[in-house]
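User: Could you take a close look at one part of this model for me? I would like to understand how the sheet is put together and what packs against it.

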Amino acid sequence: MTADKNFVLGVYEDEDVLLKAVKSVRNTGVKIHEVFSPYPVHGLEDALGYRRTRLPIAAFMFGMLGTALALTMQIWMLGFDWPMIIGGKNFFALPPFIPVTFELTVLLSALGMVGTFMVISDLKPYKKPRIFDIRITDDKHVMAIDLAKNKLNRDEIAKIVKDSGASEVNDKTFE
Amino acid sequence: MQVTSTVRDPLVTNGKTIHDVTEDVCRQVEGKPSKSWMMGMAISLTALMLGGYAVIMLLWHGVGVWGLNKTVGWAWDITNFVWWVGIGHAGTLISAILLLFRQKWRMSINRAAEAMTIFAVICAAMFPMLHMGRVWLGFYWALPLPNTFGSLWVNFNSPLLWDVFAISTYFTVSLVFWYLGLIPDFATIRDRATGISKKIYGVLSFGWTGGAKTWARYETVALILAGLATPLVLSVHTIVSFDFATSVIPGWHTTIFPPYFVAGAIFSGFAMVLTLMIVARAMFKLEDYITIHHIELMNIVIIITGSIVGIAYITEFFIAWYSGVEAEFYAFYNRATGPYWWAYWTMMTCNVISPQLFWVKKIRTSIVATFILSIIVNIGMWFERFVIIVTSLHRDYLPSSWAMFYPTIYDVGVYLFTFGLFFTAFLLFAKFFPVINMAEVKSIIKSDSEKVNTSN
């Protein structure tokens, strides 16, 4: 059986039932492909055993890049490339450069982080989404289990899912 | 495990389920536009066209068509600019600062408030651009671009340049924040739609599927964006206030300006959110999501910021006298008793006295009273900027150059243009985009709805 093609889906109505179900299903040794929800469920990523995202590091790095770019730009332009006499002030003075530095730090940090998020999560305008169940974006939580990645057969997995509190157990095959 | 508070008022009333949220918010996106919407659109487009004529005349003939003169070189243009930027402060404040404080009541109002922010900032940006006269050269004046003058760079010591960076950063970050929140909701609409609208919302939703991993990252991104946007919101109006505070004009040259302007901005921003939300909740039947409780909480923010603004006015006046600087004191004495006394006292009444009425619970929980007061506050905040700008300028150092400012129809016309632009954009948003953040509201249904789902 090829991977990423045949799935068993458990449909859950309630987020607390879902959280318990994720834990009990994982305890039986069944590997969960992914859980889909209409809204963020707190604690779900821990229950699924996902590593914490490193996006904050990306945000910090992009922010630092913004700081460096802004300072370099201002110091070079007004300090070296074309020093301008403005009210006899210093050509290179840090305090008046702070506002622009701050703004560019925030700008690059925000854009860089969101850009990274889009790339790693594969979000793009022309992407065709793989929809496991049309009700996911409405009010159902769906647990997808890839049959090819588990040793148990379809019926054994369906039983585990059903016992964990799923209101429906469905099959889904992608071409 | 979610815990239901017995002390706090429910944020979603009438026992709405998660599915009801989808239905109630998608209804106006999927349905035909209502009569009231069409009427609003007709009025906005009329304002946009009439104002558009004033803008074209301004671009053709130059800034001379405005009522500015040698003494009063800044008047309605900058007044309107600061006013719109101020209004644009509530959206990101609600979505960023209230997110950091974990205030769940932000969830049903943040989407519309952020949209308001974005459109208000666009309106605000019109004024500095148009008042440059030759807009097409503006890029060279405002941005550090290489040019044929030997690359004569922009002046990074100038607060006006800081403004360019602050406003454009604020606009970009707010837009990104707003759009990020819209992606899951566009996916909801996509999964309900058919035909061409399914394609359009499919593109807008960026292929969102709602996986747990993506949600976890999304939450982190939202939290960090909120952390970045919070100092950003405060910095924007601080920098706008520097436009005045770093000058040596009596009446502008005061260190109190940054906090005073920020408080004023939040004050006027919340007033505008209330004006819009009270109309929107009635127009789209969202009374169960934007409840009296929400309105009361926003009114409390108005009391707080209004009181800060009031104290700032009084402090400013006191310091002008106490400093012993004659020119400074004259600027303030002239504001209150000179030819523009009516503007000053309009400002004082609307901004200092009227928000104090919200101490009375009956008034702050009344929709009619809130609606009227929210408009009064915005009139007051417009006059605040007018008073600060025009009364400080019109009596120059030399009495021979004293003058008055009289607006022409082009001053009025350009202001009208921004109203047309703002309401056209807002009505389009309200029709085609989900006005309430469905995903966030769904996440609090269990803990903050009247009827709690007890299936486990």
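Analyst: Happy to help; below is a walk through the sheet of chain A, followed by a short look at a helix pair in chain B. Please keep in mind that this is a predicted model.

Let's begin with the setting. Chain A is split into domain 1, made of 6-52 + 133-173, and domain 2, covering 55-120. The C-alpha centres of these two domains of chain A are 45 Å apart.

Now to the sheet itself. In chain A, 4 strands form an open sheet in the order β2-β3-β1-β4, and their pairing is antiparallel. The edge positions belong to β2 (34-36) and β4 (168-173) of chain A; each has a single partner strand, so one side of each is left without a neighbour in the sheet. From one strand to the next, the twist averages 25°.

Looking at one pairing in detail, β1 (residues 6-12) of chain A runs antiparallel to β4(A), and 6 bridges join them. Within β4(A), A:Glu168 is the residue that stands opposite A:Val11.

A helix also belongs in this picture: α5 (residues 154-163) of chain A lies across β1, β3 (141-146) and β4 of chain A. Its direction is at about 15° to β1(A).

For a helix-on-helix counterpart, turn to chain B. There, α9 (residues 212-245) and α10 (residues 257-283) of chain B pack with their axes 8 Å apart, at an angle of about 125°. The two helices α9(B) and α10(B) are therefore oblique to each other, and α9(B) passes α10(B) in a right-handed crossing. Among the residues making this contact are B:Leu234 and B:Phe244 of α9(B), together with B:Phe261 and B:Val262 of α10(B). By class, the contact of α9(B) with α10(B) comprises 9 nonpolar, 3 polar and no charged residues.

Methods
Residues are numbered from 1 along each chain as its sequence is written. Chains are lettered from A and ligands numbered from 1 in the order in which they are written. This is a predicted model: local features need pLDDT of at least 70, side-chain atom pairs count only at pLDDT 80 or more; totals for chains, interfaces and linings use all residues. Domain bounds come from an automatic or database domain assignment. Two strands pair if DSSP finds at least two bridges between them. Axes are lines fitted to C-alpha atoms, for helices over the stretch in contact, and angles run from 0 to 180 degrees between N-to-C directions. Two residues are in contact if their C-beta atoms, placed from the backbone, lie within 7 Å. Angles under 35 degrees count as roughly parallel, over 145 as roughly antiparallel, 65 to 115 as roughly perpendicular and the rest as oblique. A crossing is left-handed if the near helix is turned anticlockwise from the far one by less than a right angle, and right-handed if clockwise. Ala, Val, Leu, Ile, Met, Phe, Trp, Tyr, Cys and Pro count as nonpolar, Asp, Glu, Lys and Arg as charged, and the others, Gly among them, as polar.
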